[in-house]
Amino acid sequence: MKKVLVTGAAGFIGFHLSKILLKHGYNVVGIDNINDYYDINLKYGRLSKLGIDRVDAERFNEVAKSSNSNFKFLRLNLEDRENLPKLFTNHNFDIVCNLAAQAGVRYSIENPEAYIDSNVVGFLNLLECCRHNKIEHLVYASSSSVYGQNEKIPFDTQDNVDHPISLYAATKKSNELMAYTYSHLYDFKTTGLRFFTVYGPWGRPDMAMYLFTDAILNDRPIKVFNNGNLERDFTYIDDIVEGVFKIIDKGNSEDSKKYSLYNIGNSKPVKLMDFITEIEKQTGIEAKKEMLPMQAGDVSRTWANVDLLKKDYNYTPKTSVSVGVEHFIIWFKSYYNQQ
Ligand SMILES: NC(=O)c1ccc[n+]([C@@H]2O[C@H](COP(=O)([O-])OP(=O)(O)OC[C@H]3O[C@@H](n4cnc5c(N)ncnc54)[C@H](O)[C@@H]3O)[C@@H](O)[C@H]2O)c1
């Protein structure tokens, strides 16, 4: 079976992707620097679900073995120009999936350096390793934020995205450009995925689903930006990782293009206020709402055109927001022992 490197394996999407790859019999090596951008207990909790002990995962540059013999974990920085190449020489990876990044639009206003370090320097290091180790396919995370304030909807990968309104978006667009160059120069396949607002169990504490649920269940007001006048193409985690899995699993077919780029979203935008109503319904609690202006760097609407991904990989998102929100709240309550 093929060997896949998943970067950001202790992160939200990387954890779920590792699980689905292992379920299908792949050999998976996960790396992550376990930074403290958000609660590290959540990251160690995800790793423990992958059979990794926290004490083993804490040590940098030492392989942690899992109770699942097809999985290994290594705490490693993408910026580490000494140990990242060693990892590639020690394991003959067939495929690399880069999900490690400094995520979040709002934090890029406060800490721009973290974005250049992880998303630009780190991504370059990874491209260099792919180039020198004959990797057959690099799949990497981009973001819907590259569309900035585009007005034409739904967003299409053919649309112009030369006007990012956050540094986060600028680094993601840079990744797409860098991947194009490496595909062209060194003849390996790259596939960029523009993710649209991913939510679900083990999700990120800096994102709306988590922030709202946490505040509502703990009797705190929720912050509603742009007075609630926002729309997001909320996409359930299982639909996302099934899509990514299909790309990894089939992506090396002979006729496939060297450089590809896809939107991966639900393609059904939801008004923020309707999303909040859904959480209120499922928790049985009415949210205290603090209405606030638009935040710098944020976009007002996202909507993915996923026709290309449907055509090339039979991508079929199927989870409605009400089902997805229900699953998240069940997980959240059990994780925090709340009823
Ligand atoms: N979740 C979403 O809605 C969403 C939307 C658009 C794009 N994305 C992108 O998808 C990818 C995964 O996102 P996520 O939601 O799982 O985020 P996440 O923050 O949960 O996961 C990213 C992981 O990468 C690790 N990491 C960060 N910098 C690193 C570095 N320099 N070296 C090694 N590890 C590092 C972090 O510790 C974290 O565990 C990211 O690239 C993100 O930008 C996510």
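# A friendly briefing on helix packing, one cavity and two backbone details

Helix α10 (residues 272–283) and helix α12 have axes that come within 10 Å and cross at roughly 50 degrees. That angle makes α10 oblique to α12. Please keep in mind while you look around that this is a predicted model. Below you will find three helix pairs, then a cavity, then two spots in loops.

**How α10 meets α12**

- Two packed helices are described by the angle between their axes and the distance between the axes.
- The crossing of α10 and α12 is right-handed.
- From α10, the residues that make the contact are F275, E278, I279, Q282 and T283.
- On the α12 side, the partners are V321, S322, V325, E326 and I329.
- Sorted by class, this contact of α10 with α12 holds five nonpolar, three polar and two charged residues.

**How α8 meets α12**

- Helix α12 (residues 321–335) also has helix α8 (residues 208–217) beside it, with axes that come within 11 Å and cross at roughly 55 degrees.
- With that angle, α8 is oblique to α12.
- α8 passes α12 in a right-handed crossing.
- On α8, you can find the contact at M209, Y210, T213, D214 and L217.
- On α12, the residues to pick out are V325, F328, I329, W331, F332 and K333.
- Eight nonpolar residues, one polar and two charged make up this contact of α8 with α12.
- V325 and I329 of α12 are worth finding in the structure: they take part in the contact with α8, and they also take part in the contact with α10.

**How α1 meets α9**

- Another pair is helix α1 (residues 12–23) with helix α9 (residues 237–250), whose axes come within 9 Å and cross at roughly 60 degrees.
- α1 and α9 are therefore oblique to each other.
- Their crossing, α1 with α9, is right-handed.
- α1 brings F12, I13, H16, L17, I20 and L21 to the contact.
- α9 brings I237, I240, V241, E242, V244, F245 and I248.
- By class, the contact of α1 with α9 has eleven nonpolar residues, one polar and one charged.

**The cavity**

- Searching the whole structure turns up one cavity of 30 Å³ or more.
- The largest cavity encloses about 30 Å³ of space.
- Its lining, that of the largest cavity, is made by D239, E242, G243, K246, Y315, T316, P317 and K318.
- Four of the residues in this lining are charged, two are polar and two are nonpolar.
- E242 links two parts of this briefing, as it lines the largest cavity and belongs to the α9 side of the contact with α1.

**Two backbone details in loops**

- Most residues other than glycine have a negative phi, and most peptide bonds are trans.
- A cis peptide bond joins I153 and P154, with omega at about -10 degrees.
- To find P154, look in the loop between β6 (137–143) and α7 (167–186).
- T197 has a positive phi, near 25 degrees, in a residue other than glycine.
- You can locate T197 in the loop between β7 (189–195) and β8 (198–199).

Key: Residues are numbered from 1 along each chain as its sequence is written. This is a predicted model: local features need pLDDT of at least 70, side-chain atom pairs count only at pLDDT 80 or more; totals for chains, interfaces and linings use all residues. Side-chain values use heavy atoms; hydrogens and water are left out. On a 1 Å grid over the protein atoms alone, a cavity is a set of points where a 1.4 Å probe fits but cannot get out, and a pocket is an open set with protein on both sides within 12 Å along at least five of seven lines; lining residues have an atom within 4 Å of a point. Grid points are joined across faces, edges and corners, and a volume is the space filled by probe spheres set on the points. Ala, Val, Leu, Ile, Met, Phe, Trp, Tyr, Cys and Pro count as nonpolar, Asp, Glu, Lys and Arg as charged, and the others, Gly among them, as polar. Axes are lines fitted to C-alpha atoms, for helices over the stretch in contact, and angles run from 0 to 180 degrees between N-to-C directions. Helices (H or I, at least four residues) and strands (E, at least two) are DSSP runs, numbered from the N terminus. Angles under 35 degrees count as roughly parallel, over 145 as roughly antiparallel, 65 to 115 as roughly perpendicular and the rest as oblique. A crossing is left-handed if the near helix is turned anticlockwise from the far one by less than a right angle, and right-handed if clockwise. Contact means heavy atoms within 4.5 Å.
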